[in-house]
Amino acid sequence: MKIDIDRLRSDLETLRTIGRVEETGGVSRTSFSPADREARRWYLERCAEAGLVVEVDGLGNMVVSAKDEPSGAKPVWTGSHIDSVPDGGFLDGALGSMAALECLRRLTEEKVPLSRPVRAVVFADEEGNYNHLLGSTGIAKGFDRARLEAMTGRDGDRLTDRFAELGWDLDAATRTKVEPGEVHAFVELHIEQGPNLEADGFDIGVVTSIVGLSGGKARFHGSADHAGTTPMTKRRDALLGAAEFLTTLPGVAASISKDAVATCGLIGVEPGGANVVPGTATVTLDFRDPDMGRLLALGEAIERSAREVAARHGLTVTWEPDTPVAPVPLDQGIRETITAAAEGFGYRHTDIPSGAGHDSQNMALIAPTAMVFVPSKNGRSHSPAEDTSWEDIEKGGNVLLATLIELASDEPATP
Ligand SMILES: [Zn+2]
């Protein structure tokens, strides 16, 4: 059985017009903005049109069921998010959300006999306008009132004000937690957001884990001196040390694993004048690896490199590490189901780690969870250039549908 790619395509092309940025062709649907609210209304209409039932929880997560779903067994969930970053692409989140709905429509139309309900879910605020992975964090861990009251958006607006406008009750937002075991399994279809599947000619990525993430600040201290009167041989230039340190990062990452990445996207120089030798240079790093042991080793190797370079330049360095966010391994059994589904269709597939965060990392706390990736053209994402061929989208949708049928076809546990 296959999805209806024409219907899915039409949905994705319509959703793309909601919050469209005319100048760039991108999409701005930051969560709970007027565009996001319009997209949510549109999504609810699509569900109603298909005769499906929607439950919206206190944080705005939407969970969609068939009217005549099997009773008494824990449901299989699938879905993603329809909010976007400012001027983002049209597939990040939207693909997994609309493909989930498409799968539910196909299962209902074909009256596929299942022993478990399959439910489509749209998580609220994945992109963190108010809180990164807001909706799925509420499902996996819950929020207390004080945390929600303190949340502000990119524009400095308060979440509580948005909820008041929507007529939503903050108490309901504190009651979104789903207990471990209430959901039988979760699968999310998503674009890769990186270049690997396309470069290696794969149709489907079976995601092995969601990357672990850490970071830190390296502060190089030297001596702030006159840019004209201090000879080059007598300087202790903090920025020169920091710059040399940054050039060591590709080698440091490669020494840990082929998946390790380290990035400096932020540099601060003090005192900060074109005619002053920098006295202090602070480089802020983000580094990631799919394995916790390697993530910790990467942090240590980065610190060591900073100290070696500082010593060579007659500088001192302080290293302020962030608290690491552990990688999330995805469920082996569901990964095998996805792999078998891809093979059943004759699609080329490979195991691949996810370098980005996803709602799946929260769902993995309460249910066996896995992800399916489809290629991203040129690896572009969080940008209007984000794109995937309709052929690859159809393949991803077919693999998702076959996986859901398999996961929902087992015998329900006897109470
Ligand atoms: Zn996403």
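**Close-up views of a predicted model**

**Figure 1. Meet the residues around the largest cavity.** The largest cavity is lined by Ser-31, Phe-32, Asp-36, Arg-40, Ile-82, Asp-83, Val-122, Phe-123, Ala-124 and Asp-125. Please keep in mind that this is a predicted model. Sorted by class, the lining of the largest cavity comprises five nonpolar, one polar and four charged residues. Helix H2 (34-49) and strand E4 (118-123) each contribute at least two residues to that lining. The volume of the largest cavity is about 40 Å³, and a search of the whole structure turns up one cavity of 30 Å³ or more. Rolling a probe the size of a water molecule over the atoms reveals where empty space remains.

**Figure 2. A zinc ion and its donors.** Here you can find the zinc ion coordinated by His-81 through NE2, Asp-92 through OD and His-190 through NE2, at 2.0 to 2.2 Å. Along the sequence, the donor residues of the zinc ion follow the spacing H-x10-D-x97-H. Asp-92 and His-190 link distant parts of the chain, 98 residues apart. Asp-92 sits in the loop between strand E3 (76-81) and helix H3 (94-109), while His-190 belongs to strand E5 (residues 185-191).

**Figure 3. Two zinc donors and their accessibility.** For a closer look at this pair, start with Asp-92, which has a relative accessible area of 6%. For His-190 the relative accessible area is 1%. Because buried means under 20% relative accessible area, Asp-92 counts as buried, and so does His-190.

**Figure 4. Strand E2, covered on both faces.** Five of the five residues of strand E2 (residues 62-66) are buried, so this strand is largely enclosed by the rest of the structure. In a regular strand, side chains alternate between the two faces of the sheet. On one side of E2 lie Met-62, Val-64 and Ala-66, and on the other Val-63 and Ser-65, all of them buried.

**Figure 5. The E1–E2 hairpin.** Strand E1 (residues 52-56) runs antiparallel to E2, and five bridges join the two. Follow the chain through the hairpin and you will pass five residues between E1 and E2. In the turn, Gly-60 has a positive phi of about 95°. Within the paired strands, Glu-55 stands opposite Val-63 in E2.

**Figure 6. E2 meets E4.** E2 also pairs with E4, in the antiparallel sense and over three bridges. Val-63 is a handy residue to follow here: its bridge partner in E4 is Val-121, and Glu-55 stands opposite Val-63 as well. Strand E4 (118-123) also supplies at least two residues of the lining of the largest cavity, which brings us back to the opening view.

Conventions
Residues are numbered from 1 along each chain as its sequence is written. This is a predicted model: local features need pLDDT of at least 70, side-chain atom pairs count only at pLDDT 80 or more; totals for chains, interfaces and linings use all residues. Side-chain values use heavy atoms; hydrogens and water are left out. On a 1 Å grid over the protein atoms alone, a cavity is a set of points where a 1.4 Å probe fits but cannot get out, and a pocket is an open set with protein on both sides within 12 Å along at least five of seven lines; lining residues have an atom within 4 Å of a point. Grid points are joined across faces, edges and corners, and a volume is the space filled by probe spheres set on the points. Helices (H or I, at least four residues) and strands (E, at least two) are DSSP runs, numbered from the N terminus. Ala, Val, Leu, Ile, Met, Phe, Trp, Tyr, Cys and Pro count as nonpolar, Asp, Glu, Lys and Arg as charged, and the others, Gly among them, as polar. Donors are N, O and S atoms within 2.8 Å of the metal (3.2 Å for Na, K and Ca); water is not among the atoms, so sites may look incomplete. Buried means under 20% relative accessible area, exposed over 50%, partly exposed in between (1.4 Å probe, protein chains only). Two strands pair if DSSP finds at least two bridges between them.
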